[in-house]
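Thanks for sharing this one; I have put my notes into numbered points so that you can follow along with the coordinates open.

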Amino acid sequence: MSRKKQRTVGFAITGSFCTYEKIKGVVRRLVEEDNRVIPIFSNQAQTINCRFGNARDFIIEIQEITGEHGIFTIQEAEPIGPKNFLDILVIAPCTGNTMAKLCAGITDSPVLMAAKAHMRNEKPVVISVSTNDALGANLKNIGELMNTKNIYFVPFGQDDYEKKPKSMIAHVSRISDTMEKALQGKQIQPVIQSPF
């Protein structure tokens, strides 16, 4: 008889493609730590091919690492609420666009529906910031989310303060540590770890 996994983690991936190589390592580590990891892909993560790779190849690799079929539609994400099967939801990377919509209550993608559905169960959501305007238009959204119940941030900092002074990105190596604290109802500190 196989033993039960430690916990069930929803791992929602949005379109900050430059982080994908590191994200694969994080997902692999979570699986190695005996978590059931269910991937959730934004519309952009599903469809955009770019210099960082092909969307289909990335999806296949993440599904192979997790051993789980991903969530690809709003309809597939909605049962996260009533079925209450996630212990924690991680949004990594979490773009500025996703943060802005989360603040505004917009639910137009599988990731945003997953967040809305999971939050109704009053369980932790971990945000791994990756945005070029964290210190610009999205600063107010980061502040609002930091003051929202059950939302926790992976420590983040400026990734290139000379060429992109408003850009900030999470230290993805701290996702697992942030999750552990979030499951205790605590924000890992310090949140701002800068420069990168």
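Which residue does the side chain of Lys-149 meet in a salt bridge? Its partner is Glu-122, with 3.6 Å from N to O. Please keep in mind throughout that this is a predicted model.

1. **The Lys-149 pair.** This salt bridge links distant parts of the chain, its two residues being 27 apart. Lys-149 sits in the loop between helix H8 (139-146) and strand E5 (151-153), while Glu-122 sits in the loop between helix H7 (110-119) and strand E4 (125-131). Lys-149 counts as exposed, at 58% relative accessibility. Glu-122 is exposed too, with a relative accessible area of 53%.

2. **A network of charges.** Salt bridges with shared partners also tie Glu-21, Lys-24, Arg-28 and Glu-61 into one network. Within it, Lys-24 and Glu-21 form a salt bridge whose closest N and O atoms are 2.7 Å apart. Both residues belong to helix H1 (residues 20-32), where they are three residues apart, about one turn of the helix. Are the two partners buried or exposed? Lys-24 counts as buried, at 10% relative accessibility, whereas Glu-21 counts as exposed, at 55%.

3. **Another salt bridge, and the charge balance.** Lys-101 and Asp-108 meet through their side chains in a salt bridge, at 2.7 Å from N to O. Asp-108 counts as partly exposed, with 36% relative accessibility. In total, the structure holds nine salt bridges. As a reminder, side chains of opposite charge can pair when their charged atoms come close. The protein carries 24 positive and 20 negative side chains, and the centres of these two sets are 3 Å apart.

4. **Overall build.** The protein contains nine helices and seven strands. Its radius of gyration is 16 Å, close to the 16 Å that the globule rule gives for 196 residues, so the protein is as compact as a globular protein of that length. The C-alpha trace spans about 55 × 35 × 30 Å along its principal axes.

5. **Contacts and surface.** How much of the contact count comes from residues 24 or more positions apart? Such pairs account for 77% of the contacts with a separation of 6 or more. Of the 196 residues, 50% count as buried. The accessible surface comes to about 9500 Å², and carbon and sulfur atoms make up 49% of that area.

6. **Helix H7.** I would look at this helix with the rest of the protein shown around it. Eight of the 10 residues of H7 are buried, so this helix is largely enclosed by the rest of the structure. The buried residues are Pro-110, Val-111, Leu-112, Met-113, Ala-114, Ala-115, Ala-117 and His-118.

7. **Thr-98 and its neighbours.** Thr-98 lies in helix H6 (residues 96-104) and is buried, with a relative accessible area of 8%. Which residues does Thr-98 contact once neighbours within four places in sequence are left aside? They are Thr-14, Ile-91, Val-111 and Leu-112. Val-111 and Leu-112 are among the buried residues of H7, which ties this point to the previous one.

8. **Ala-12 in strand E1.** Ala-12 is part of strand E1 (residues 8-13). With a relative accessible area of 0%, Ala-12 is buried. Setting aside neighbours within four places in sequence, Ala-12 is in contact with Ile-40, Leu-89, Val-90, Ile-91, Ala-92, Pro-93 and Val-111. Ile-91 and Val-111 also appear in the contacts of Thr-98. Ala-12 and Ile-127 are 115 residues apart in sequence, yet their C-alpha atoms are 9.6 Å apart in space.

9. **The segment after H9.** Where does Gln-187 lie? Its place is in the segment after helix H9 (175-182). Gln-187 is partly exposed, with a relative accessible area of 23%. Not counting residues up to four places away in sequence, Gln-187 touches Tyr-152 and Phe-153. From Gln-187 to Ile-151 the C-alpha distance is 8.6 Å, with their positions 36 residues apart in sequence. Strand E5 (151-153) is the one that follows the loop holding Lys-149, which brings these notes back to the opening pair.

Technical notes: Residues are numbered from 1 along each chain as its sequence is written. This is a predicted model: local features need pLDDT of at least 70, side-chain atom pairs count only at pLDDT 80 or more; totals for chains, interfaces and linings use all residues. Side-chain values use heavy atoms; hydrogens and water are left out. Helices (H or I, at least four residues) and strands (E, at least two) are DSSP runs, numbered from the N terminus. The radius of gyration is taken over C-alpha atoms; the globule rule is 2.2 Å times the number of residues to the power 0.38. Buried means under 20% relative accessible area, exposed over 50%, partly exposed in between (1.4 Å probe, protein chains only). Contact means heavy atoms within 4.5 Å. Accessible areas come from the Shrake-Rupley method with a 1.4 Å probe; for residues, only the protein chains shown count as cover. Lys and Arg count as positive and Asp and Glu as negative; His and the chain ends are not counted. The place of a charge is taken as NZ of Lys, CZ of Arg, CG of Asp or CD of Glu. A salt bridge is a side-chain nitrogen of Lys or Arg within 4 Å of a carboxyl oxygen of Asp or Glu.
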